Amino acid sequence: MSASGRYLRSLMACMLACVFWVDTASAQSNNAGCTFGLVAGTSRQILRCREGLTIIAEDGARFALVDRDRNGSADAVRLRRKALLLDAPAGRVRGGFAVVTPQAIAAVRGTKWAVDVARGKTSVFVVKGRVAVQRPASNAGVVLGPGEGVDVEAGTGTLTVKRWPAARVSALMARFGQ
């Protein structure tokens with residue numbers, strides 16, 4: 001395994017352990033260092049966070065920001081329904097950033113990616129950079145690169161990385177006006 005693969009796997013293990021220690025009510029009440037707004041002419045929300053992190057939330061998305069280290073800045077989000085498009089500039093979010101869903105944890109240091117929760121599965125797609133994905137109760141995971149995605153369902157089966165067809169990518173990105 002490459003050094004970056006080992007690093008991402010270690011980062012994911014740390015994030016998994018830390019995510020569940022946080023009181024999410026306090027993270028929601030103080031916005032975890034992010035400002036909320038609407039994307040002009042749409043019902044999508046945009047969150048701009050201190051470290052340059054930008055999150056676009058699809059209309060109807062259910063999520064909560066998490067400040068695991070309680071420093072006043074979001075370093076994770078719990079996503080329960082619909083999709084988020086995230087852009088985390090490399091090196092700006094200390095310790096990386098994670099999206100936790102019922103089926104998966106997707107963690108990065110600097111990239112642009114989308115996470116979608118629907119019908120009992122989590123889909124993760126990478127626009128640029130690299131994202132490590134694993135099930136919450138597993139140490140095994142995959143690392144996605146640009147143009148790659150994975151669908152994670154409940155269970156213990158192997159995660160399969162696929163290059164997503166243009167139609168699927170376009171449909172997902174259109175939900176964010178991109």
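**Entry 1. Strands β4 and β5**

I began with a single cross-strand pair: R62 stands opposite R81 in β5. I note at the outset that the model is predicted. I then looked up how β4 and β5 run relative to each other, and I found that they pair in the antiparallel sense, over five bridges. I also asked how many residues of β4 are buried. The count is four of its five residues, and I recorded β4 as mostly covered.

**Entry 2. The nonpolar cores**

I next turned to the nonpolar interior. The largest nonpolar core has 33 residues. The residues with the most contacts inside this core are L84, L86, F97, W113, V124 and V133. Which strand supplies the largest share of the core? I found that strand β5, residues 76-88, contributes five residues, the largest share. Apart from this core lies another, of eleven residues. I listed I46, L85, W164 and M173 among its members.

**Entry 3. Helix α3**

M173 led me to α3, where I looked up the buried residues. V169, L172 and M173 are buried in this helix. They cover an arc of only 95° around the axis, so I placed them on the same side of α3. I then asked what covers the buried residues of α3. The covering elements include β5, β8 and β9.

**Entry 4. The disulfide**

I searched for disulfides and counted one. This bond joins C34 to C49, with an S to S distance of 1.9 Å. The torsion about the S-S bond of C34 and C49 is about 100°, and I therefore entered the disulfide as right-handed. Where do the two cysteines lie? C34 is in strand β1, residues 34-38, and C49 is in strand β2, residues 45-49. The two are 15 residues apart, and the pair links distant parts of the chain.

I then checked whether each cysteine is buried or exposed. The relative accessibility of C34 is 5%, so I counted C34 as buried. C49 has a relative accessible area of 9% and is buried as well.

**Entry 5. The salt bridges**

I moved on to charged pairs. Side chains of opposite charge can pair when their charged atoms come close. How many salt bridges does the structure hold? I recorded four, and I wrote up three of these pairs below.

E58 and R175 meet through their side chains, at 2.7 Å from N to O. E58 lies in the loop between β3 (54-57) and β4, while R175 lies in the segment after α3 (166-174), so this salt bridge ties together parts that are 117 residues apart in sequence. E58 is buried, with a relative accessible area of 12%. R175, at 28% relative accessibility, counts as partly exposed.

R175 also forms a salt bridge with D116, at 3.0 Å from N to O. This pair, too, links distant parts of the chain: R175 in the segment after α3 and D116 in strand β8 are 59 residues apart. I found D116 buried, with a relative accessible area of 14%. Which residues, then, are linked in a network of salt bridges? I noted E58, D116 and R175 as the linked residues.

I also looked up the pair of R68 and D75. Their closest N and O atoms are 3.1 Å apart, and the two residues form a salt bridge. R68 counts as buried at 15% relative accessibility. D75 counts as buried at 5%.

**Entry 6. Residues with positive phi**

My last search concerned the backbone. Most residues other than glycine have a negative phi. I therefore noted residues that depart from this rule.

R70 has a positive phi of about 55° although it is not a glycine. I located R70 in the loop between β4 (62-66) and β5. Is R70 buried or exposed? Its relative accessibility is 54%, and because the cut-off for exposed is over 50%, I counted R70 as exposed.

R119 is another residue other than glycine with a positive phi, in this case near 50°. I found R119 in the loop between β8 (111-118) and β9 (121-128). R119 is exposed, with a relative accessible area of 79%.

Conventions. Residues are numbered from 1 along each chain as its sequence is written. This is a predicted model: local features need pLDDT of at least 70, side-chain atom pairs count only at pLDDT 80 or more; totals for chains, interfaces and linings use all residues. Side-chain values use heavy atoms; hydrogens and water are left out. A nonpolar core is a set of buried Ala, Val, Leu, Ile, Met, Phe, Trp, Tyr and Cys residues joined through side-chain atoms within 4.5 Å. Buried means under 20% relative accessible area, exposed over 50%, partly exposed in between (1.4 Å probe, protein chains only). A disulfide is a pair of cysteine sulfur atoms within 2.5 Å. The arc is that of the directions from the helix axis to the C-beta atoms. Contact means heavy atoms within 4.5 Å. Two strands pair if DSSP finds at least two bridges between them.
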